[in-house]
Amino acid sequence: MAYRLVCIDVDGTLLNSKHKITPRTKDVLLKAHRQGVHIVISTGRMYTDAEYYSNLIGVKSPVIASNGAFIKEKDCDKVIFKDVLGEKLSLELLEIFRRHNTRPYFCTPHKFYYGNIMFKFFHILARLLGVRSNNLDIEFVYSWQRWRQVLCKERDNMVKCELIFKDAALIDDLRNELKTIDRLEIVDSSKYNIEITRKGVSKGKAVEMLASLYNVKREEVLTIGDSENDLSMIEYAGLGVAMGNASDVIKAKADYITDTNDNDGVAEVISKFILNKNI
């Protein structure tokens with residue numbers, strides 16, 4: 001099978017445990033791209049962040065950001081799809097977080113708002129340690145009243161909400177309450193977070209949109225991921241690939257399991273199924 005559309009998760013997939021794209025992985029992806037294959041970053045990260053890694057690879061393909069809530073063509077600066085939470089739903093979420101005394105994170109395609117001041121510290125530390133080499137437009141929201149102002153101002157742009165926590169057991173009640181709201185799509189990308197978008201948004205739906213846009217058959221789609229938020233695109237693809245470091249749920253649903261992110265698992269897949277050789 002000739003695969004024409006490849007969609008790749010970022011954390012735990014494209015990036016190794018040092019948060020880097022290895023030279024081998026970059027080389028393999030560029031070779032596939034030069035053969036006419038669309039190499040698409042598909043991530044829960046905001047668009048600005050996702051675009052950075054796409055540019056780092058050196059491809060001109062579109063980008064899927066915020067778990068599929070925002071899709072954009074890089075080459076012609078065209079927004080393909082955008083689905084926002086909206087002011088009413090965002091404020092409803094805010095009230096739930098307030099009751100549970102949980103500081104949220106909200107993002108537009110281009111700006112990240114955070115309620116925990118420690119995020120700024122970790123962001124700076126990541127830059128100093130070389131874990132993060134790009135800078136983001138971020139803003140600390142210091143009070144619940146200020147959150148209401150931000151959510152009102154960004155009502156046409158807020159595409160995703162996220163909760164990050166240290167103790168998974170402490171978040172169970174909040175997670176269960178969120179699951180009662182049928183207008184939400186709730187997934188995890190690790191055991192330490194919850195990612196929230198509007199109902200129906202998923203990486204799988206986003207991949208399907210791109211396949212339709214580019215007249216690519218489902219069996220010509222290859223997707224690679226490691227976490228729960230990758231499940232929909234792995235199930236959609238003609239060849240859904242789980243990383244060697246993926247969760248057991250993802251591995252059980254995948255058509256193929258590659259090596260880990262620290263052993264160039266993405267490069268192994270592309271070499272085997274697209275370049276048809278070991279590199």
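A cavity here is a set of points on a 1 Å grid over the protein atoms alone where a 1.4 Å probe fits but cannot get out. Its volume is the space filled by probe spheres set on the points, which are joined across faces, edges and corners. The largest cavity holds about 50 Å³ of space, and the structure has one cavity of 30 Å³ or more.

Some ground rules before going on. This is a predicted model, in which local features need pLDDT of at least 70 and side-chain atom pairs count only at pLDDT 80 or more, while totals for chains, interfaces and linings use all residues. Residues are numbered from 1 along each chain as its sequence is written, and side-chain values use heavy atoms, with hydrogens and water left out.

**The cavity and Thr22**

Lining residues have an atom within 4 Å of a point. The largest cavity has 13 of them, and Thr13, Leu14, Thr25, Asn261 and Asp264 lie nearest its centre. H1 and H11 each give at least two residues to that lining; helices (H or I, at least four residues) and strands (E, at least two) are DSSP runs, numbered from the N terminus.

Thr22 sits in the loop between helix H1 (10-14) and helix H2 (23-34). Is Thr22 buried or exposed? Thr22 is buried, at a relative accessible area of 17%; buried means under 20%, exposed over 50% and partly exposed in between, with a 1.4 Å probe and protein chains only. Apart from neighbours within four places in sequence, Thr22 makes contact (heavy atoms within 4.5 Å) with Asn16 and Asp264.

**The eight-stranded sheet**

Strands count as paired if DSSP finds at least two bridges between them. An open sheet of eight strands runs in the order E5-E4-E3-E2-E1-E12-E13-E14, with mixed pairing. E5 and strand E14 (256-257) are at the edges with a single partner strand each, so each has one side without a neighbour in the sheet. Helix H11 (residues 265-273) packs on this sheet, touching E1, E12, strand E13 (239-242) and E14, and its direction makes about 160 degrees with that of E12. That angle is taken between N-to-C directions on a scale from 0 to 180 degrees, using axes fitted to C-alpha atoms, for helices over the stretch in contact.

E4 and E5 form a hairpin with four residues between them, and Asp77 in the turn has a positive phi of about 55 degrees.

**Strand pairs, side by side**

| Pair | Sense and bridges | Facing residues |
|---|---|---|
| E4 (70-73) and E5 (78-82) | antiparallel, four bridges | Lys72 and Val79 |
| E1 (5-8) and E12 (221-225) | parallel, four bridges | Cys7 and Thr223 |
| E9 (160-164) and E11 (193-198) | antiparallel, four bridges | Cys161 and Ile196 |
| E10 (184-187) and E11 (193-198) | antiparallel, four bridges | Ile186 and Ile196 |

**Around E11**

Strand E11 is mostly covered, with five of its six residues buried. A hairpin of five residues joins E10 to E11.

The second largest pocket has a volume of about 190 Å³; a pocket is an open set of points with protein on both sides within 12 Å along at least five of seven lines. E10, E11 and helix H9 (231-236) are the elements that give two or more residues to its lining. That lining has 14 residues, with Glu185, Val187, Ser202, Glu228 and Ser232 nearest the centre.
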